[in-house]
Amino acid sequence: MTPIHPVIAEVTERLVERSFASRAAYLQRIRAAGDRGPARGRLACANLAHGFAASEPREKQALRASTKPNIAIVSSYNDMLSAHQPFESYPPVLKQAVIRAGGIAQFAGGVPAMCDGITQGRDGMQLSLFSRDVIAMSTAIALSHDMFDGALMLGVCDKIVPGLLIGALSFGHLPTVFVPAGPMASGLPNGEKARIRQLYAEGKVGREELLEAEAASYHSAGTCTFFGTANSNQLLMEVLGLHLPGSSFVNPGTPLRDALTRAAGERVTALTRQGDEHTPIGEIVDERAMVNACVALLASGGSTNHTMHLVAIARAAGIALTWADLSDLSAAVPQLARIYPNGSADVNHFHAAGGIAFLIHTLLRHGLLHDDVRTVAGSGLWRYTNEPGLSGDSLTWEQGPKRSLDLDVLRPADQPFSPDGGLKVLTGPLGTGVVKVSAVRPEHRRVSAPAVVFDDQLDFLTAFGAGELDGRDFVAVIRYQGPAANGMPELHKLTPALGVLQDRGQKVAIVTDGRMSGASGKVPAAIHLTPEAALGGPLSRVRDGDVITLDADAGLLDIEGVTLHERAPEGRAPQGAEWSGTGRELFAAFRATVGPADAGASVFPSYDVPPEEVRLVQSA
């Protein structure tokens, strides 16, 4: 077995030490919750009768008997969003699979699923990040009836999978398998789509040409094929050991996809206390698993949104992951994949080149992943170097590729695209933020230029349209976009305009306390800046003309010759009646209580342990 890389070992060791009390208390809690028989056996007769009142006679008898494990199905299905539309047919398939495996299943509840692609640049985007925590709460509500011995989570995109996972970890005693739907088949190449977007931003093509390009890109059921947050979710669920091996990037509506869905129902039944391999989700998601997820995100050049999601997920399991951990890992983890926006390939090309199976193989071979973890497929991450296939109608597992089939898309760890990871943490007098460097060309990674300050992304677009940003180098400061200000919307709509100016030879960058889409990357962007402007952070004191330096390679975010704390804040976030409309007024409590980006931008408190409980855990 390859020794673990010293940086991976050191980060894991300090994460274990830092999380000792909170993780021990979390495990104590979930083990106490799970150390009993079938969940519904603890219900009073009236409670149980409510739980099976609408069931078919055969199901009703099984639920009355309290012998078979009962599996909850929680789904993000809706038929407007392509990624979630395939889930419409999953529940009956999963129920039959669970029954064949000796259990029983009930559809426990649905969770909301919104699309950042639809809400991009619009007021609805201000609900996007908060939807993750709403989904976590919705998941908890679905599981709260104490009827279940295991769970199946159906979700794909953006905030949905992190929300489902955070909710599932609050019921960490339940074995849980995540069930993907897969990406749509490849459409218009992403590079061509980006080209048309820039032409539209320049006024060189009209809306009809733009719509035709977008419709050719997003054209059928399944996940969008670029490597944004949705597909980063799928890769991370596999590396965390919560998907069946090789299931992430199998297209919808194929025989293999159907077989993997059935297998998920069978597998979760085996993982229950009544099965042969009891494996609660809270035991799977430990410190080593979280480090593995961070490594996979960095090696693949995944979405910047996961710098917040992974922190929030870890804290839901009593693990105190920090951006410093991600930064240190990034220095040691090579970039092994180029998937749009980091390259021209989409996830279907990545999958064909060797995909997750090869990525895990090469990272394990070079000591960059922990193999000694638990997964829904069994002990050992090596299981995820296998790939599924069909022999007739039967699902089989075979060894995945041991070499990349396309070195322009996927490389071994000893032949990387870059010796370090695709994400960097930036620090300096403006605060702490992150930058995705994997898609930024080396010559664009350092920008030192005067600030142009905006309190709203639409003001930036207006200035661009009026030609006010032409012919000069600048750093666009887009502030009051943090979670406490307006829910931290993505600012991906700025990318085409900034790309146009960069292509003209201007040195441009963006600094913001908001988010950029997982599809962003061409222009250097310091994002998730904390402390945020709405809470008095340094960004609120920046003025037009201040010279800002963004150095992605050095991890520096600086401002020249300015003592910011001597200035009064300028600008402000929306207030009062300005929040009316698009449901934003309903989220005032979220904006008032949300934590900072580097703590996961969550409304949930971290799992703090009272001092007396810490002493009890340590003495035990």
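These legends go with an overview and several close-ups of a predicted model.

**Figure 1. The whole protein, for orientation.** The secondary structure adds up to 23 helices and 16 strands. For 620 residues, a compact globule would come out with a radius of gyration near 25 Å, and the protein's 24 Å agrees with that. Laid along its principal axes, the C-alpha trace spans about 75 × 55 × 50 Å. Of the 620 residues, 60% are buried. If you count contacts between residues at least 6 apart in sequence, 78% of them join residues at least 24 apart. About 23,100 Å² is exposed, with carbon and sulfur atoms supplying 52% of that area. On the charge side, there are 54 positive and 65 negative side chains, and the centres of these two sets sit 4 Å apart.

**Figure 2. Helix α14 and the glycine after it.** Helix α14 covers residues 287-300. Its 14 residues should span 20 Å at 1.5 Å a residue, and the end C-alpha atoms are indeed 20 Å apart. Most of α14 is covered, with 13 of its 14 residues buried. Next along the chain comes Gly-301, which has a positive phi, near 70°.

**Figure 3. Two cis peptide bonds, both leading into proline.** Going from Tyr-340 to Pro-341, the peptide bond is cis, and omega is near 15°. Pro-341 belongs to the loop that links α16 (323-332) and α17 (347-353). The other view shows the bond from Thr-530 to Pro-531, also cis, with omega near 0°. Here the proline, Pro-531, sits in the loop between β14 (525-530) and β15 (547-551).

**Figure 4. Asp-158, a non-glycine residue with positive phi.** Phi of Asp-158 is near 25°. You'll find Asp-158 in the loop running between β3 (150-154) and α8 (160-169). With a relative accessible area of 12%, Asp-158 falls under the 20% cut-off, so it counts as buried.

**Figure 5. Met-488, another loop residue with positive phi.** Met-488 has phi near 60°, and it isn't a glycine either. Its loop lies between α20 (483-486) and α21 (495-503). Relative accessibility is 0% for Met-488, so this residue is buried.

**Figure 6. Glu-443 and Lys-507.** Glu-443 is part of the loop between β10 (431-436) and β11 (446-454). Its relative accessibility of 45% makes Glu-443 partly exposed. Along the chain, Glu-443 and Lys-507 are 64 residues apart, while their C-alpha atoms are separated by 9.7 Å.

Conventions
Residues numbered from 1 in each chain as written. Predicted model: local features only at pLDDT ≥ 70, side-chain atom pairs only at ≥ 80, totals over all residues. Heavy atoms only, no water. Helix = DSSP H or I, 4+ residues; strand = E, 2+ residues; numbered from the N terminus. Rg over C-alpha atoms; globule rule 2.2 N^0.38 Å. Buried < 20%, exposed > 50% of the residue type's maximum accessible area, 1.4 Å probe, protein only. Contact = heavy atoms within 4.5 Å. Areas by Shrake-Rupley, 256 points an atom, 1.4 Å probe, with all protein chains shown as cover. Lys, Arg positive; Asp, Glu negative; His and termini not counted. Charge placed at Lys NZ, Arg CZ, Asp CG, Glu CD. Expected span 1.5 Å × (residues − 1).
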